[in-house]
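Student: I should like to work through the side-chain interactions of this model with you. May we begin once the structure is displayed?

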Amino acid sequence: PTENYDTIPIIAERMHPDFDDVSLNNDLLLLQLERPSKLKVDYMLLNSIDGMPSEGMMLQVLGWGETSPDSDFSNGTAILQSVNVNYVSNEECNSIANDEEDYEGKILDTMLCTFKE
């Protein structure tokens, strides 16, 4: 919801070679853009600090995935989305099993678990 945006055509997509569409492990896609953005964009660094993020830390998630928790993962969005979520340990996330959500045993060590409150 901003007037500060840039539309850049995508010229190539590279899916992670070990992506698993059942477990969603390695759910990562690298995009090659036709040109750099005309806007001033800060670089985002990947996490290289052990123990981070910490429980309850607010994280910003970016992506083109589903925008509704009730979706069937078949339709994403053409507009890059952003949401702030709280980090939850994988152990806690894997212990959740109720009528609404069942993550028990589905959160792998290569994943981060978050909740939007």
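Student: This is a predicted model. Is D6 buried, partly exposed or exposed?

Tutor: The relative accessible area of D6 is 26%. Buried would require a value under 20%, and exposed a value over 50%. D6 is therefore classed as partly exposed.

Student: With which residue does D6 form a salt bridge?

Tutor: Side chains of opposite charge can pair when their charged atoms come close. For D6, the closest N and O atoms of the pair are 2.8 Å apart, and the criterion for a salt bridge is within 4 Å. The structure holds 1 salt bridge, and the partner of D6 in a salt bridge is R35.

Student: How many residues apart in sequence are the parts that this pair ties together?

Tutor: D6 lies in the segment before β1 (10-15), whereas R35 lies in the loop between β2 (29-33) and β3 (58-63). R35 is partly exposed, at 24% relative accessibility. The pair therefore ties together parts whose separation in sequence is 29 residues.

Student: Which residue in helix α1 (residues 90-94) has a relative accessible area of 38%, and what kind of surface patch does it join?

Tutor: The residue is E92, which is partly exposed. E92 gathers with E55, E91 and D109 on the surface. The patch is one of negative charge.

Student: Which residues does M15 touch, leaving aside those up to four places away in sequence?

Tutor: M15 is placed in strand β1 and is exposed, at 54% relative accessibility. M15 and L28 are 13 residues apart in sequence, with their C-alpha atoms 6.3 Å apart. Under that sequence restriction, the residues touched by M15 are L28 and L29.

Methods: Residues are numbered from 1 along each chain as its sequence is written. This is a predicted model: local features need pLDDT of at least 70, side-chain atom pairs count only at pLDDT 80 or more; totals for chains, interfaces and linings use all residues. Side-chain values use heavy atoms; hydrogens and water are left out. Patches are made of residues with over 30% relative accessible area and no salt bridge: like charges are joined within 9 Å, nonpolar side chains (Val, Leu, Ile, Met, Phe, Trp, Tyr) within 5 Å. Accessible areas come from the Shrake-Rupley method with a 1.4 Å probe; for residues, only the protein chains shown count as cover. A salt bridge is a side-chain nitrogen of Lys or Arg within 4 Å of a carboxyl oxygen of Asp or Glu. Lys and Arg count as positive and Asp and Glu as negative; His and the chain ends are not counted. The place of a charge is taken as NZ of Lys, CZ of Arg, CG of Asp or CD of Glu. Buried means under 20% relative accessible area, exposed over 50%, partly exposed in between (1.4 Å probe, protein chains only). Helices (H or I, at least four residues) and strands (E, at least two) are DSSP runs, numbered from the N terminus. Contact means heavy atoms within 4.5 Å.
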